[in-house]
Structure formats: structure tokens, C-alpha cells
Amino acid sequence: MGTQVPVARRNILADRRRLMIAVLGAGLAVALILLLEGLWSGLLTQISAYPDRVGATFFVRQPGAKTLSEGVIPVTAAARVRAVPGVAAAGPVLTRWVVLSLHGQKQVVTVVGFTPGSLGGPWALAAGRTVRSDGEVVMDQTLAAEHAITLGGTLEVTGRAFQVVGLSSGTRSFMGTGYLFMSLRSAQAMFGDAETATFILVRAADPVAVKAAVAQRSGLSVASPDLVAAAEQNLYAGIMGKVFNLMVVIAFAAGTLIVALTVYSAVVDRLREYGIAKALGARRSRLFRIVAGQTQVLSALGLAAGLVLYLGARG
């Protein structure tokens, strides 16, 4: 291919304006694919943020529950779980989706009610402190910034006023909603049910020995954070996955067509030259290799341009 590549390079560089347009078009397609893949990876991280980072060994919940906000279990089950030998901590958590009205805008948040000092609260604080008593909340810092809510301010949730005592980081959840952490009793009062929770978070030093005992003692389903995270991703990612895949396919097809049309037009412009080369004894395979070389050169330039555009957009 050594002799064909210089010929291919010379042919493809003959029309610099066409080359620049083709490289830019292919580069945009490559950059779009990379950006979509990055967005998809970030979306998956958001979907499973809670089980991935909350720091629990197990999630104990109602059998058959598919999402973190699905399922009802008695709060008293937490005491039975704590009594299992090897369980270091067990805390009931109540989660629900709530629609807030912030500056005339509707904002969906995931309310997480947990026992202060136990498992289930914010895993990273950007400012302030965690919830210590009823009537306090910790909210995602980016959500607070979007709506000009400051530390120490007041947040109204379903008609109840809460003091913002902390701003959490890395707590933006699925589709841009944010987590809102409050005490379990505040969440129970808000939802009108003081007897139930959504799941129980368990921390244990020896998961293998404790898992079966917890399931037997509580009669509930026991799952690792990895399994819970995978279930969350499979459920919610299935909603958006087809759309993202279609967008990637369209971008790939567009880039491929740009390269193909550019190479085709370059061949057509020099069709007489190819005919002369064929008459002088050039084999068809050699001509094909020249065309393939042009495709490789243009593809490489488009890929490089796409990487530059992607890095520029990401920065």
C-alpha cells in the first residue's frame, strides 16, 4: 500500500475546500458520537448514584420491588434485622418522588427520609452539615444553585417549611432530578405513614454469613448494592437506551456518507486518469487500493478532527 497511499493523499488533497468541508462534517459526526457516549455513561452513573455511594452492604426490601422508590415494609423490621449477629448497623429509609414548586417552576426531587446518625443520608457534603433533627433538609448543591437557595435558607416541600442545613455533592439523580434528604419522621409525617419504610440499609462486616440470616429473620428480599444499581439501570436505561442508540447510528451513518461521497466525487473528478492508468496496464486491484487509501486518509483526518472537537466541547 506504500505507493498507493501517496497517490491517495495527493488525490484527496487536490481540492482543499472540499477536503475541509468533508473533514469538518466527519469530525462533527465523530464528536457527536463521543459526546453521546459520554452523556450515556453519565446518565447511568446518575441512575445508580444512591446504591453505588450510600455505603450499605445490603438493601433489605419487599420481594419483587424493582426500583428504590417501590415497595413497602414495616419499620419494625429494622429491629429484627439489627438483632441478627454480624449486623453492624441497620436503618429504615423512606423514599418517594415529590414535585416542588421553585420560582414558578416544577421540579421533581427524590425525597430520602432516614434516621439521623444512621445509614441512608448524604454521602458527600459540599457545604453545611447533615440532618440531625426533624424539620431540616440537605439538598443537592447544583439544584440549590439553579433556584438561588442558600445554606440556612428555607425550602417548602408539600406545604411544609424546612431549613436547608447542608448542600450535598454528587446527588443529582435520574433525568436531572436531585435528592432531598430529611429525617425519617419528617418524611413519614409528609407522606402520612409512620409505620412503614421503603427499604432497610444494612452494614455488615461479613456479608456472606449475614445475608441468609437477615433474609430468614426478616422474611424480606436481601440484595447487594451492585444488584440494586444494575436493576435501576436496566429499568430506567431501557427507557432512554433506544433513543441514544438511534442517535449514535444516525451520527455514524452521516459520517460514513460524508466520507463515501467525498471519495466518490474525488474519483469521478479523476475518472479519465483512472482510465488512462487502466489502459497502461494498472490492475483493478491497484486502483481499488488507491481508492481505499483515500478513504483511510479522509477517515483518519475526520477522526482526528472529531477528537479535537470533542475535547473542546467537553472542556
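Here are legends for close-up views of a predicted model.

**View 1. The largest nonpolar core.** This core has 21 residues, and the ones touching the most other members are M139, L155, V157, L180 and M182. Plenty of elements chip in: strands 3, 4, 6, 7, 8 and 9, plus helices 5 and 6, each bring at least two residues. Strand 3 (87–102) gives the largest share, with four residues. As a bit of background, nonpolar side chains in soluble globular proteins tend to be buried together.

**View 2. Around M139.** Leaving out residues up to four places away in sequence, M139 touches A144, I149, L155, V164, G166, L167, S168, Y179 and L180. Apart from the largest core sits another one, of 18 residues, with V54, F59, Y179 and F181 among them.

**View 3. Y179 and its aromatic partners.** The structure has eight aromatic pairs. In one of them, Y50 and Y179 are tilted, with 5.8 Å between centres and 40 degrees between planes. Y50 belongs to helix 3 (residues 49–53) and Y179 to strand 9, so to speak a link across 129 residues of chain. Y50 counts as buried because its relative accessibility is 1%, and Y179 also counts as buried, at 6%. W123 meets Y179 edge-to-face, 6.0 Å centre to centre and 75 degrees between planes. Here the partners are 56 residues apart, with W123 in the loop between strand 4 and strand 5.

**View 4. The aromatic cluster.** Y50, F59, W123, Y179, F181 and F199 come together as one cluster.

**View 5. A charge over a ring.** The charged end of R96 sits over the F191 ring, 5.9 Å from the ring centre.

How values were computed. Residues are numbered from 1 along each chain as its sequence is written. This is a predicted model: local features need pLDDT of at least 70, side-chain atom pairs count only at pLDDT 80 or more; totals for chains, interfaces and linings use all residues. Side-chain values use heavy atoms; hydrogens and water are left out. A nonpolar core is a set of buried Ala, Val, Leu, Ile, Met, Phe, Trp, Tyr and Cys residues joined through side-chain atoms within 4.5 Å. Buried means under 20% relative accessible area, exposed over 50%, partly exposed in between (1.4 Å probe, protein chains only). Contact means heavy atoms within 4.5 Å. Rings of Phe, Tyr and Trp (its six-membered ring) pair if their centres lie within 6.5 Å; planes under 30 degrees apart count as stacked, over 60 as edge-to-face and the rest as tilted. A charge sits over a ring if NZ of Lys or CZ of Arg is within 6 Å of the ring centre and within 35 degrees of the ring normal.
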